[in-house]
Amino acid sequence: MPKVYPELKTHPCVHKYENPIITSADLPYPSALVFNAGVIKYRGEYVMIFRNDYGTDKYEYENEDGEFEGTSVGIARSKNGIDSWQFDPVPLVDSNGPAKDPEIKRYYDPRVIIIDGKIYLCLAMDTRHGVCGAIAELSDDLKSFKILSTTVPDNRNIVLFPEKIGGEFVRLERPMPVYSRGKDRFDIWLSRSPDMVYWGKTEFVLGVEDVPYANDKIGPTAAPIKTDKGWLTLIHAVDRDDTRGKNGWEDRWPKRYSAGLALLDLNDPSKVLSVYDKPLIAPDLPFETDEGFRQNTVFPCGMLLEDDGTVKIYYGASDTCVCLAEAKLDDLLSLL
Ligand code: BMA
């Protein structure tokens, strides 16, 4: 794979695990690509909720220009959040499953969070009439879910704050306003809700022009972490160069996805206190740059603070596998 310019590097305070922590070979049901995963600590375990694309395998895709048959959302559990993941035998959500809704093409990119003892799942939802975001409540046994609210198109990348702020639930989101901007120039917004169902008081938060290493779009990634200085917020950021050619299984893949940091005000998270001007995590390991479905893509959906001050960041790499990176909270805050 030729080098992608400008070169972006992961910040040295971040330790990336050398190998993916989950690949499609690990799953007990059909899987071609397993990536973009949210994680919570629940009942003494780490519970990961991940995206799984299945159906056509890599070689058929290359030869026949095929499409994946579907996308499901699955669950894995681990004692240490790093290895020995045990998979639930069937996916939690399968858009092609028995309860198939003809309007919904698929759910994907799960983010998960516990607020006041309830588990909420934020999903991207492709419908026949546009791309939406959905918020669902998960049952205590993690076996079923109920959709509480969906957005109008086009919006996705919904991420909930882990507690109510000013008495209301708060979410970050990423609408896709193609008419007004004329091209991909997508930003981060915020909405509030009294009950997880009705969302409003929508405000603009952070623009793609505020992130120096993005020229295409930005979006929320994982539930922010509360700190003394403000909400530590991870974002994804895309830079695009249309001269970038064939990449992985794609004929053209001009976008590079990296991840960065922002700090939002504790009492009013629509106020941005600081943005780190370089990426925190860039695609720079061989399986992030030279292998997989969509190379040069790191896409975090999960972030957890451990008692010893370590922050675990779970991210999809090349839209192909689930990876883990760690950093110290103090080091991250010192960048902001
Ligand atoms: C975004 C989403 C993610 C994906 C990323 C890179 O638009 O579709 O699921 O990881 O693109 O392909």
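**Entry 1. Backbone oddities**

I started with Ser84, which is found in the loop between β4 and β5 (86–87). Ser84 has a positive phi of about 50°. I noted this since Ser84 is not a glycine. I am reading a predicted model throughout.

Next I looked for a cis peptide bond. The bond from Pro153 to Asp154 is cis. I noted its omega as near -10°. Where does Asp154 lie? I placed Asp154 in the loop between β10 (145–150) and β11.

**Entry 2. The sheet from β11 to β14**

From that loop I moved on to β11. β11 belongs to an open sheet of four strands. I wrote down the order as β11-β12-β13-β14, with antiparallel pairing. Which strands are at the edges? They are β11 and β14 (200–206), and each of them pairs on one side only. From one strand to the next, the twist averages 30°.

I then checked one pair inside this sheet. Strand β12 covers residues 169–175 and strand β13 covers residues 188–193. Five bridges link β12 and β13, in the antiparallel sense. To fix the register, I noted that Phe169 stands opposite Ser193 in β13.

**Entry 3. The sheet with β1 and β22**

I found another open sheet of four strands, in the order β1-β22-β21-β20. The pairing here is antiparallel. I marked β1 (15–16) and β20 (298–305) as the edge strands, each pairing on one side only.

How many bridges join β1 to β22? I counted two, and the strands run antiparallel. Strand β22 spans residues 321–328. I looked up His15 and found Glu326 as its bridge partner in β22.

**Entry 4. The largest pocket**

I turned to open space. The largest pocket holds about 650 Å³. I listed 35 lining residues. Which of them lie nearest the centre? They are Arg51, Asp53, Arg106, Tyr108 and Arg294.

I sorted the lining by residue class. It divides into 15 charged, twelve nonpolar and eight polar residues.

I also asked which strands contribute. β2 (33–42), β3 (45–54), β4 (70–78), β7 (104–115), β11 (155–160) and β18 (255–264) each supply at least two residues of the pocket lining. β7 gives the most, with four residues.

**Entry 5. Around the ligand**

I then listed the residues around the ligand. They are Phe35, Asn36, Arg51, Asp109, Arg156, Lys217, Trp253, Tyr257, Arg294, Thr297, Phe299 and Asp319. Arg51 and Arg294 are on this list, and both were among the residues nearest the centre of the largest pocket.

I checked three distances to ligand oxygen atoms. How far is the side chain of Asp109? An N or O atom in it is 2.6 Å from an oxygen atom of the ligand. For Asn36, a polar side-chain atom lies 2.9 Å from a ligand oxygen atom. For Tyr257, I read 3.0 Å between a polar side-chain atom and an oxygen atom of the ligand.

**Entry 6. The enclosed space**

Last, I looked for closed space. Rolling a probe the size of a water molecule over the atoms shows where empty space is left. With the limit set at 30 Å³ or more, I count one cavity. The largest cavity has about 40 Å³ of space.

Which residues line it? I wrote down Leu172, Ile188, Val205, Leu206, Thr233, Ile235, Ala262 and Leu264. β14, β17 (231–240) and β18 are the elements that give two or more residues to this lining. β18 also supplies at least two residues to the lining of the largest pocket.

Is the cavity lining charged or nonpolar? Seven of its residues are nonpolar, one is polar and none is charged. I set this beside the lining of the largest pocket, where 15 residues are charged.

How values were computed:
Residues are numbered from 1 along each chain as its sequence is written. This is a predicted model: local features need pLDDT of at least 70, side-chain atom pairs count only at pLDDT 80 or more; totals for chains, interfaces and linings use all residues. Side-chain values use heavy atoms; hydrogens and water are left out. On a 1 Å grid over the protein atoms alone, a cavity is a set of points where a 1.4 Å probe fits but cannot get out, and a pocket is an open set with protein on both sides within 12 Å along at least five of seven lines; lining residues have an atom within 4 Å of a point. Grid points are joined across faces, edges and corners, and a volume is the space filled by probe spheres set on the points. Ala, Val, Leu, Ile, Met, Phe, Trp, Tyr, Cys and Pro count as nonpolar, Asp, Glu, Lys and Arg as charged, and the others, Gly among them, as polar. Two strands pair if DSSP finds at least two bridges between them. Axes are lines fitted to C-alpha atoms, for helices over the stretch in contact, and angles run from 0 to 180 degrees between N-to-C directions. A residue is near a molecule or strand if one of its heavy atoms lies within 4 Å of it. A polar contact is a pair of N or O atoms within 3.5 Å; within protein, one must be able to donate a hydrogen and the other to accept it, and residues adjacent in sequence count only if both atoms are side-chain atoms.
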